[in-house]
Structures are given as structure tokens and as C-alpha cells.
Amino acid sequence: MVLSNLLQNIIGGVSVGATYGLIGLGVVFLWQSIERINFANISSAMIAAYLFYTFYAQLHLPFFISLVASIAIIAVYGLLLRYLLFEPINHHGGGELEFVVATVMLSTFWLSAIKAFYGGVPRPFPPVFGEATSFVRIGSVSIPFVYFSVFFVVLVLICALYLLLWKTMIGKMLRATAQNKETASLMGINVNMTTSLAFMLATTIVGIGGILLAPTYFVSLDLGAGPIGVKGFASAIMGGMINPFGTIVGGITIGLVENFSALFISSVYKDVISFVILVVVIIWKPRGIFNWTTKED
Amino acid sequence: MSTCNRILKPGDYIQKEVFVARFCRKAFVGLVILALLGGSISIWGCGKTGSSTPGSSTPIKIVLSAPFTGTGSALGEWCEKGARLAVDEINASGGVKGASFDLITYDDASDASTAATIIRRAISSDKAVAIFGPNMSGAVLGVNTLAQQAKVPMLVGATATSLRYDKTKNDYLFRIKTDDGVKGAELVKYVVEVLKAKKPGIIVGSDSYCTSGLADLKQDFDTYGIKIVDIENMKEGDKDVTAQVTKLKKAGIDVLIGMTHEPEGAVVMLKVRELKLTVPCIGESAWGVPMFTDLAGDAAIGVISLQVLNLADPDPRVQKFVDAYTAKWGTEPSDPANCYYDGVYLLKKAIEMAGSTDGVKIDEALKTVEYTGVQGLMKCDALHNFTNTCYISQFNGKTWDILSKIP
């Protein structure tokens, strides 16, 4: 196998995998905050991509305004998710199962709503991250300029998350709440505020992931359905549902496994092989490959 | 005694008042829910009706089952607009023996079970005299026997060879768009005789349209004694085909044939340009439509494709259709709008020939009627196909240049 082919597939796998990791981060943030799985997590990606498309391509607003407006709306959506779904379920005595059922239905609702508004036809994403046919050639390896842009944005986002979580008081409060809500409350941390923040962060990060995925996935219902949401969950699980950076690495791992399965084994069984490997990893390291603690710890 | 000191007891008048208020509130909520339920059932049950100019007789109901969502979602709008243009033209010129067509449209979501529900409704509730669609081969395979059992003619734009009469033995199933077998044979003929390719590679999707088309291509290449060097698979919705295109390039192919739907075709071409696979690329008819060129952008330049409608065709019937469609809908038509447009006119002629809207008589008439439409002369052959017209065209960045027109 020529080195350039390997490098090409590594680059493709890393770029797509990093965005899977972003989707997984939405799962992790919410799990850490309320210990619930949001099965409508991927809907945030689809909504954000369609919002951006509406503002930029249809209403012809400037790029920055379109981006900020889309992210702001998706952050508010996170807050609404808390107060219109999670809190009422809690208030009426509902638990994990009820939240799962509600979010599954919410996911279906968003798919239907987007279909009704925009139709089911995929649309090309505006070339804000570079033309789809412009490439950077390094020797015999060519990398779409879009991949560079997307990966750069993911890196900036990860750095911003690191700074937020580890270098700011709000980040400390978020981590403390995630560790132990009761103790954090006793320490004077406003748990209500950090919970709201977690919801908003979860949907915002996934929304940004959706906008970054749209050049590859097109502005389509595929962003809100199909295997991409599952791969986001898989990234979160591989990261142990604890470490955000583990989630990103988990996503990259999945992207690479997919590409190499298709390259070395068969493109027919690409998804089968990826998920078999995932199941093996979960059985071997159920707490995530980056979590070395055991159940007794 | 002040109000705040009053203590409620059983039988107290205030407790009774509260009970009545709660009962009324619940009853009101219940009535609202019932009203909403009834409203949504009636809305769901309606479908979209395009009512024609009222004729002197009872309107003739025809149902269109088309994909507005799902895999074939790019096509539903074209199907409906083509059919509705024909319906409106026919009704405006007096209808069919004085009776107007009433076209009812449903979204089958490219899904066989949804299509089955629609077909049953069309037969039992709408009492349609004919059914257009489904348009996706997988859906037609699942429902065509329903039309046969009910003796209602079904005219479809689905093109898989598994829908030919010799396979289905369905007297009530007809095709109004060129069969994949015909298109595939022309594609292979072009690849071998014009492009002089000897090492073809194919990238194929996973649904029945794609896999059935692949089987036809294999047979056609066999007749030329040419071995397909590499076949790579992708699933509908796949967005990264780096590995597949890498393997095709490594196999040393001298032509790439695409047997996929529109978005997958765009994904393939973007990767082909990225990996500098500089061989001619030729696609089945899904590559020759606006959705493919919109999504692929500049990567589509130079792509060759089979088409069943080319807007640059100077044939007066084609230009008349293009002008009428553009004037009515504000956009240019695309395949399969022309097929359903022709199909409605074909049905009109069959009803006139039969002198009746009885399904059995319309079916007999369809087997012998001749109609010259946008797709040229349409006549039912032994395989229940009405047309074998197609083009081989090349995308120049804005339009498709016709390389050849068959027949």
C-alpha cells in the first residue's frame, strides 16, 4: 500500500472522526450534568446547519452574523430543552426511561419539522470553509482545503473548551457539579446555573459540529439521522463519558477504523467492522479506553 | 369570620364549587383534544388534491404516489409538477370526453410499506382509475401486486429491470421511463465503442435500483468480453469514499462508472477530483439531474451521464414541454417530470380509446395505444415499457451537451 494512500485515508479519517467527537461531546456534557442520555443530541447538529444555511445562503446575511445567530439560537434551544423537557419530566416524577422516550420522540419531531420546512432534498453547503474542489497538495497527497478549515476550527474549539473547563472559575464549577452535585451545592456553587450552562454547552458544541459537518454531509436530513448520531455516542463511550478530550480521540479512532476497514478489508462491511470493534472495546474497557479506573475505585 | 380562617369540610359548598370547576376544565380539555384529533385525522387523510376545472361529468380520479422524502426525495417534486402540468392542460382543453382529471398526490417516502398504504387508499377510498408511481423501484416491487389484484393500471417511472413484464407477470404494471437495462446497454456500448475503455471500474450504491443496475452492467460487459476490474460499494448516506476511490485508482481503471443516487454521486465525484483520479467518469441517469450537479459543483464538470431528458434537445416536442413547464412553475424541468407528463397524456388517450374508466378496459387500451410525446413515440412493448428514449450527455459546468440520443 503506497504511503500516500495511507496518509490520504488517515487525513480523511481524522477530519471526519474529529467531528464525530464533537457530536459525542454533547452526550458527555449532558451525562456529566444530569446523568441522562439525550437521544435528540444529533438534532442540534441538523438544526444548526439548516439555520446557518437559512441565514447565509437564503437571507444573505454576512457570515459572522449568520454564525453567531445560529449558535445563539441553538444555545437557547439547549436552555429550552432543560426547562420544557427535562425539568417537567423530573417534576412529574419521571426518570431516565421517560427522558429517553421523550428525546427519541423529539428527534423524530425535528426530522419531520425540517422535512416540512425545507423538504427532503439535500442542499449544497455554502463554501465558507473553502471550495469543495480546492485542495492543498503536499507531495502526492492532496487534502481538501475544507478539511484544514474544519480541523482548525475543531482544534480552536477544543482549546477553548480546555481553557473554559480548567482555567476559569465557571469551568471549575462545571467540573465540581459534574463530580458531585450535592457537595458542589454545599460548597456554594449555583448548581442550577451550572446545569443550565451544561445544557447550553451541549447543544452549542453539537450545533457547531453540525455546521462543520455540513460541507461533507450537505445540508440534509442525514445530519439528524442515520449512523452519525450513533457514532457520536460511540465516541462518547470510548472516551468513558468523562473526559471531553477522550471523546474527541474516540471519535478520531472511529473515523480511522472506518476508513481502514474499507481500505484493507471491504467497503461493504465498513460499518459492520467499525461497530464490531466498538463492541469489543466496550466489553474490554466498559469505562472507556481512556478511563483506567475500575468499578472498585 | 374572615376568608383566610375558613376551614374546608366535606360537603362544604366551596369544595363542591371546586369540583365543578375542575370537571369543567377537564371536559374542556377533553373536547379540545378530540377536536384536534379529528382535525389531524382529516388533514392526514386528505392527501393533496389538485382540483381541475370542473367538467360536466364526475372528475376522473388519478393518484400519484411520489417520493417527497427519503432516498428519492429529489424526484417527488418533478413527478408531481410534470403530472399536474399535463392534468391542467388536459382539463383546460375540455378534459377527457368532458370529464376532468382530479390528481391526488401522496408522499410515499421512497418506502414500500408507506407506498402500500397509499395504493390501498387509492384503490379503496379514492377509487382511482389509474395510479402513477411509486417512482422508486424498491417501492414498486413491494406494491405492484396490489394494483394487479384490484385491476387498476399502475404507470411508474421506476426503471429497474426486475420490473419488466417477464419478471413480474403483472398485466397492470407499465413503465413510462426508459428501463435500466436499455440505459445500461447504451452506457456500456458508449464506454466500449467510443471511450475504448478496457478496464472499467464501478462504484455502486446499496439499494435495489443500484444493485439491479450493477447486475445489468455486468451482463452487458460480459457480452463484450470485458472484465470489470474493480467494484466498490457505498451505502446511501455515506459521505466519505476515500477508501473506495483509493482502491479504484490502485486497480488501474481506465473509466469510472457510477451506479448511485444523486448525493452519493456528488460525494464520489468530489473524492475523485481530490484524489486526482483522471479517468472519464460516466454515471447512470441519477448523475444527469440538477441535484447531482448542485451538490458536486465544479467536480461535476466533464462528467458524462445517461439522461432521459435534455433541455438542449432541439426536438419541438421537448422544447414545447420545457417552455410550458418553465412558464407554469418558474423553473426548468428535470427527469422524470417529462415521463409523468407523457404518462398522463397516455392515460387520456387510453381512456378515450377504451370509451370507459373501467380498469380492465383502460388496461387493454394501454397495451395497444400509441402516443407521441416528449419522449417520442410511446407504445407498450412486450416488457410493458412505453419508451426506450435516452441521451448520453456531458456536463460543461452550466448545461449538458448531448453526445448522442437514442434511438
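Where is the place of Gly302(B) in chain B? In this predicted model, Gly302(B) sits in the loop that runs between helix H10 (290–296) and strand E11 (304–307) of chain B. Gly302(B) has 15 other C-beta atoms within 10 Å and is therefore partly exposed, since a buried residue would need 20 or more such atoms and an exposed one would have 12 or fewer. When its neighbours within four places in sequence are left aside, Gly302(B) is in contact with Gln394(B) and Phe395(B). Val241(B) is separated from Gly302(B) by 61 residues in sequence, and the distance between the C-alpha atoms of Gly302(B) and Val241(B) is 20 Å.

Chain B as a whole contains 13 helices and 15 strands. Of the 407 residues in chain B, 53% are buried. Among the contacts in chain B with a separation of 6 or more, 70% are between residues 24 or more positions apart.

In chain A, the packing of two helices was examined. The axes of helix H9 (residues 227–238) of chain A and H10(A) come within 7 Å of each other, and the crossing angle is roughly 125 degrees. This angle makes H9(A) oblique to H10(A), because it falls neither in the range of 65 to 115 degrees, counted as roughly perpendicular, nor over 145 degrees, counted as roughly antiparallel. The crossing of H9(A) and H10(A) is right-handed. On the side of H9(A), the contact is made by Lys231(A), Ala234(A), Ser235(A), Ala236(A) and Met238(A). H10(A) contributes Thr247(A), Gly250(A), Gly251(A), Thr253(A) and Ile254(A). Sorted by class, the residues in the contact of H9(A) with H10(A) are 4 nonpolar, 5 polar and 1 charged.

The two chains also touch each other. The contact between them takes 26 residues from chain A and 28 residues from chain B. On the side of chain A that touches chain B, the elements that give two or more residues are helix H1 (3–34), strand E2 (141–144), helix H8 (191–217) and helix H10 (244–265) of chain A. H1(A) provides the largest share of this side, with 5 residues. By class, the side of chain A that touches chain B has 12 nonpolar, 12 polar and 2 charged residues. H10(A) thus appears in two settings: H10(A) crosses H9(A), and H10(A) is one of the elements that give two or more residues to the side of chain A that touches chain B.

How values were computed:
Residues numbered from 1 in each chain as written. Chains lettered and ligands numbered in written order. Predicted model: local features only at pLDDT ≥ 70, side-chain atom pairs only at ≥ 80, totals over all residues. Contact = placed C-beta atoms within 7 Å. Helix = DSSP H or I, 4+ residues; strand = E, 2+ residues; numbered from the N terminus. Nonpolar A, V, L, I, M, F, W, Y, C, P; charged D, E, K, R; others polar. Axes fitted to C-alpha atoms, helices over the stretch in contact; angles between N-to-C directions. Parallel < 35°, antiparallel > 145°, perpendicular 65-115°, else oblique. Left-handed = near helix turned anticlockwise from the far one by under 90°.
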